[in-house]
Amino acid sequence: MLTLWQTEWCRYSAQVRERLTELGVDVVVRQAAAEPRNRYELLERFDETAVPILEFEDGHFICGADPILHWLDAHYEEREDAQLHRNRAERSLERRYLEAHAA
């Protein structure tokens, strides 16, 4: 199974999580430390501190949202309800924005 190393607040990690959902790809999600200087496990495993990182069962990995997204699109097809997922994600973002900026 694939493992996604990420942080919840990282917009690049969010892009990858959203695409995984649209493609119907199950992954193990691992949380990286908030501060890159404290990401010792990532540094030891991958010689990287940036997220997201997609790790394969054999230890190979891809670092960065764009390369991960390209790889996913080359290896998986979208679910039938991918557009519905995108629509709901967009509405959720709009709702959170409005809530955060409500007077």
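**Helix packing, sheet and cores in a predicted model**

Helices α1 and α3 pack with their axes 9 Å apart and at an angle of about 10°. That angle makes α1 roughly parallel to α3, because values under 35 degrees are counted in that class. The structure described here is a predicted model. On the α1 side, the residues that take part are Y12, Q15, V16, R19, L20 and L23, and they meet A65, I68, L69, L72 and D73 of α3. By character, the residues of this contact divide into 8 nonpolar, 1 polar and 2 charged.

It helps to place this helix pair within the chain as a whole. The secondary structure comes to 4 helices and 4 strands, and reading along the sequence gives the pattern β-α-β-α-β-β-α-α. The C-alpha trace spans about 45 × 35 × 20 Å along its principal axes. The chain has 103 residues, of which 31% count as buried. Among contacts with a separation of 6 or more, 56% come from residues 24 or more positions apart.

The strands form an open sheet of 4 strands in the order β2-β1-β3-β4, and the pairing is mixed. Its edge strands are β2 (27-31) and β4 (61-63), each of which pairs on one side only. On average, and with direction ignored, neighbouring strands of the sheet are turned by 20° against each other. Strands β1 and β2 run parallel and are joined by 5 bridges. Within this pairing, Q6 has Q31 in β2 as its bridge partner. Helix α1 packs on the sheet, where α1 touches β1 and β2, and the direction of α1 makes about 150° with that of β1.

Strand β1 also holds T3. With a relative accessibility of 14%, T3 counts as buried, because the cut-off for that class is under 20%. Apart from its neighbours within four places in sequence, T3 is in contact with V28, R30, I53, L54 and E55.

The interior can then be followed through its nonpolar cores. The largest nonpolar core has 13 residues, and the members that touch the most others are V16, L20, L54, I68 and L72. Two or more residues of this core come from each of β1 (2-6), α1 (11-23) and α3 (65-75). Helix α3 gives the largest share, with 4 residues. Several of these names are already familiar from the helix pair: V16 and L20 of α1, and I68 and L72 of α3, belong to the contact between the two helices. Once neighbours within four places in sequence are left aside, L20 is in contact with L4, V25, V27 and L72. A second core, separate from this one, has 7 residues, including C10, F46, V51 and I53. I53 was met above as one of the contacts of T3.

A last look goes to helix α4 (residues 82-100), where L98 has its place. L98 has a relative accessible area of 58% and is therefore exposed, the cut-off for that class being over 50%. From C-alpha to C-alpha, L98 and E80 are 30 Å apart in space, with their positions 18 residues apart in sequence counted as their separation.

How values were computed
Residues numbered from 1 in each chain as written. Predicted model: local features only at pLDDT ≥ 70, side-chain atom pairs only at ≥ 80, totals over all residues. Heavy atoms only, no water. Core = buried A, V, L, I, M, F, W, Y, C linked by side-chain atoms within 4.5 Å. Buried < 20%, exposed > 50% of the residue type's maximum accessible area, 1.4 Å probe, protein only. Contact = heavy atoms within 4.5 Å. Axes fitted to C-alpha atoms, helices over the stretch in contact; angles between N-to-C directions. Parallel < 35°, antiparallel > 145°, perpendicular 65-115°, else oblique. Nonpolar A, V, L, I, M, F, W, Y, C, P; charged D, E, K, R; others polar. Pairing = 2+ DSSP bridges.
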